Amino acid sequence: AKNTAASEVVLTDFPTNTLENLRYNVALNARGGPGERGPAVRSLDWTDKSTWPDPGSIDLVIGSDLVYDDGMASLLAPLVAHVLRPGGNFIHIFPERGRVGVEEQTEALAATGLGLTFETDLPPGKLRAGHAIQPSGGEPPARHSMWHIFNECNSKRFIVRRYTKQPPPAAMGAREE
């Protein structure tokens, strides 16, 4: 949010502890100008439309490692299609291997009107330079701890995909008679 001219940045997740951590980090990294506030933090449940932002209200959705189990792509796709304006983009970054369900992602998004418009890969170490992070106190890293995630960024190849929401067919131009 500090490095963008976006009028609004919203960070979302579902678990309460993650939302608390997001709020804490937003406070630590606030823009700091008079009257300015950091990004909003909101709960978002992919299965509860009452938590979804307004239709077509978002220009860009950025997600990291969102699909990691069977069926998740089919839950994510309708949400992304709902919130993006026509021409809006969804950028998703995820590890090249080890994420169940990501194979279905492009097909699920295409079924909701989002086409794959860009893909690249990032070799190990490109997401976070430096040494592997170890927990303090000598405890072993938990399977899904931050230490695991940062070390994963150093050791795995990641894929970055951009999907663009296509305009509805009627908006693509009138047919000439």
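**Close-up views of the predicted model**

R85 is partly exposed, with a relative accessibility of 32%. The views below show this residue and other sites in a predicted model.

**View 1. A salt bridge joins the side chains of D59 and R85.** The N to O distance in this pair is 2.4 Å. D59 belongs to strand β3 (residues 58-64) and R85 to strand β4, so the salt bridge ties together parts of the chain that are 26 residues apart in sequence. D59, like R85, falls in the partly exposed class, D59 at a relative accessible area of 48% and R85 at 32%. A search of the whole structure gives five salt bridges; two others are shown in Views 2 and 3.

**View 2. D65 and R99 form a salt bridge through their side chains.** Here N and O lie 2.7 Å apart. The pair links two loops, with D65 in the one between β3 and α2 and R99 in the one between β4 and α3, at a separation of 34 residues. D65 is partly exposed at 23% relative accessibility, whereas R99 is buried, its relative accessible area being 14%.

**View 3. R161 and E119 are joined by a salt bridge.** The closest N and O atoms of the two residues are 3.1 Å apart. R161 is part of strand β6 and E119 of strand β5 (residues 114-122), and this pair, too, links distant parts of the chain, 42 residues apart. R161 is buried, with a relative accessible area of 15%; E119 is partly exposed at 42%.

**View 4. Four strands make up an open sheet in the order β3-β4-β6-β5.** The pairing in this sheet is mixed. β3 and β5 are the edge strands and have a single partner strand each, so one side of each lacks a neighbour in the sheet. On average, neighbouring strands are turned by 15° against each other, direction ignored. β5 and β6 run antiparallel and are joined by eight bridges. L116 has Y163 of β6 as its bridge partner. Helix α2 packs on the sheet and touches β3, β4, β5 and β6, its direction making about 140° with that of β4.

**View 5. T164 in strand β6 makes a side-chain polar contact with T117.** The contact distance is 3.0 Å. T164 counts as buried, at 15% relative accessibility. Neighbours within four places in sequence aside, T164 is in contact with G87, G88, N89, G113, L114, G115 and T117.

**View 6. The largest nonpolar core has 22 residues.** V80, F90, L109 and L114 touch the most other members of this core. Two or more residues come from each of α2 (72-83), β4 (84-95), α3 (105-110) and β6 (158-165). The largest share is that of α2, which gives eight residues. In soluble globular proteins, nonpolar side chains tend to be buried together.

**View 7. L114 touches residues in several parts of the chain, including V80, F90 and L109.** With residues up to four places away in sequence not counted, the others touched by L114 are A81, L84, Y163, T164 and K165. The contact with T164 appears again in the neighbour list of View 5, where L114 stands beside G113 and G115.

Conventions. Residues numbered from 1 in each chain as written. Predicted model: local features only at pLDDT ≥ 70, side-chain atom pairs only at ≥ 80, totals over all residues. Heavy atoms only, no water. Core = buried A, V, L, I, M, F, W, Y, C linked by side-chain atoms within 4.5 Å. Buried < 20%, exposed > 50% of the residue type's maximum accessible area, 1.4 Å probe, protein only. Contact = heavy atoms within 4.5 Å. Salt bridge = Lys/Arg side-chain N within 4 Å of Asp/Glu carboxyl O. Polar contact = N/O pair within 3.5 Å; in protein donor to acceptor, adjacent residues only side chain to side chain. Pairing = 2+ DSSP bridges. Axes fitted to C-alpha atoms, helices over the stretch in contact; angles between N-to-C directions.
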